[in-house]
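I set out to look up two kinds of feature here: how helices pack, and where charged side chains pair. The entries follow in the order I made them.

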Amino acid sequence: MSAITANVSQNTTEYTPTIPKPRRSSEDVSAEELLSELRDLPEGDPRANRLRERVVVLYQPLINKIARRYGGRGEPLEDLKQTAMVGLVKAVHGYDPDRGKPFISYLLPTVTGEIKRHFRDHTWAIRVPRRHQENRVKLRRVTGEFQQTHARTPTIAELAEEMGISEAEVSELAQVSESYRSLSLDAPDSSDSEGQEGARLEDHLGSEDKALERVVERESIKPALARLPERERKILMLRFFGDHTQSEIADRMGYSQMHVSRLLAGILEQLREEVSSEGSSRR
């Protein structure tokens with residue numbers, strides 16, 4: 001029995017079991033490792049899409065958080081999330097593990113740049129120079145800080161000094177900033193004090209001036225009118241500006257109605273010829 005016990009004891013002392021190391025969970029794999037594995041895959045390997053999807057799922061919470069930082073600026077949050085996701089996909093395709101930098105250092109500027117590009121290209125009502133788009137944010141920040149400090153709105157000169165640009169550029173920037181958002185002509189008129197339903201901004205638009213086409217004709221006939229004798233000018237004034245009949249003009253000037261009619265016909269024919277000849281000479 002003692003021999004057996006000694007043998008068992010000896011074997012127990014010599015035997016040291018090997019405990020296997022726990023395998024790493026798929027969630028513990030870093031983006032750098034996944035993208036390095038992705039780079040080593042041959043072109044067209046079906047595993048590539050699965051690796052990209054794992055990186056996207058890994059960073060999707062961070063992407064949504066970045067998108068929420070830009071919320072409240074007039075764009076729907078879902079649009080910002082989709083834009084941020086586009087930036088994430090671009091970062092996955094453009095990241096180079098051989099550079100030795102962490103993926104997050106490449107991801108953040110790519111995503112924020114994509115969101116800023118979205119604001120620049122899709123949120124302005126009209127196309128404006130890029131420098132004005134970038135300076136608009138600075139203008140709002142400087143204006144807000146000045147109002148908090150001085151309890152009043154800054155002047156153009158004060159804004160120019162704070163922003164380090166000319167007063168003319170500040171004035172232009174202020175006008176351009178009003179073009180960030182435009183209202184539909186179907187929008188209700190908020191200035192309507194009576195609150196009438198159906199009042200739209202379109203209702204306040206002016207109509208086309210039908211007499212606008214006659215401006216050129218009136219200006220063209222002025223020299224010809226100035227060359228007429230005083231009697232002929234008086235007859236025209238009474239007929240077309242005083243709205244008198246030919247009989248009334250005849251009684252006023254001591255002529256017959258037939259004589260006034262012939263005078264008017266001759267005057268109008270003379271004016272037509274002079275205006276036509278002047279128009280032909282300009283051509």
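Entry 1, helices α2 and α3. I started with helix α2 (residues 31-40) and helix α3 (residues 47-69), whose axes lie 9 Å apart at an angle of about 165°. The model is a predicted one. An angle over 145 degrees counts as roughly antiparallel, and α2 and α3 are therefore roughly antiparallel to each other. I noted the crossing of α2 and α3 as left-handed.

Next I listed the residues that make this contact. From α2 they are A31, L34, L35, E37 and L38, and from α3 they are A48, L51, R52, R54, V55, L58 and Y59. Sorted by class, the residues of the contact of α2 with α3 give nine nonpolar, three charged and no polar.

Entry 2, salt bridges. How many salt bridges does a search of the whole structure find? I have nine in my notes. I looked at some of them one by one.

K81 pairs with E78 in a salt bridge, with 4.0 Å between the closest N and O atoms. I placed both K81 and E78 in helix α4 (residues 77-94), where they are three residues apart, about one turn of the helix. For E78 I wrote down a relative accessible area of 49%, so E78 is partly exposed.

K222 and E219 form another salt bridge, and their closest N and O atoms are 3.2 Å apart. Both lie in helix α9 (residues 214-226); because K222 and E219 are three residues apart there, about one helical turn separates them. K222 counts as partly exposed because its relative accessibility is 48%. E219 also falls in the partly exposed class, at 47% relative accessibility.

Entry 3, R231 and E232. I then took the salt bridge of R231 with E232, in which the closest N and O atoms are 3.0 Å apart. Are R231 and E232 buried or partly exposed? R231 has a relative accessibility of 34% and so counts as partly exposed. E232 has 13% and so counts as buried, the cut-off for buried being under 20%. Elsewhere, I found K90, E114 and R117 joined into one network by salt bridges that share partners.

Which residues does E232 touch, leaving out those up to four places away in sequence? I recorded L263 and I267. E232 itself is in helix α10 (residues 230-241).

Entry 4, helices α10 and α11. Since E232 had taken me to α10, I looked at the packing of this helix. The axes of α10 and helix α11 (residues 246-253) cross at roughly 135° and come within 10 Å of each other. At that angle α10 and α11 are oblique to each other, because 135° fits none of the parallel, perpendicular or antiparallel ranges. I noted a right-handed crossing for α10 and α11.

On the α10 side the contact is made by R231, K234, I235, L238 and R239, and on the α11 side by Q246, I249, R252 and M253. By class, I have four nonpolar, four charged and one polar residue for the contact of α10 with α11. R231 thus appears twice in my notes, in the salt bridge with E232 and in the contact of α10 with α11.

Terms used
Residues are numbered from 1 along each chain as its sequence is written. This is a predicted model: local features need pLDDT of at least 70, side-chain atom pairs count only at pLDDT 80 or more; totals for chains, interfaces and linings use all residues. Side-chain values use heavy atoms; hydrogens and water are left out. Axes are lines fitted to C-alpha atoms, for helices over the stretch in contact, and angles run from 0 to 180 degrees between N-to-C directions. Helices (H or I, at least four residues) and strands (E, at least two) are DSSP runs, numbered from the N terminus. Angles under 35 degrees count as roughly parallel, over 145 as roughly antiparallel, 65 to 115 as roughly perpendicular and the rest as oblique. A crossing is left-handed if the near helix is turned anticlockwise from the far one by less than a right angle, and right-handed if clockwise. Contact means heavy atoms within 4.5 Å. Ala, Val, Leu, Ile, Met, Phe, Trp, Tyr, Cys and Pro count as nonpolar, Asp, Glu, Lys and Arg as charged, and the others, Gly among them, as polar. A salt bridge is a side-chain nitrogen of Lys or Arg within 4 Å of a carboxyl oxygen of Asp or Glu. Buried means under 20% relative accessible area, exposed over 50%, partly exposed in between (1.4 Å probe, protein chains only).
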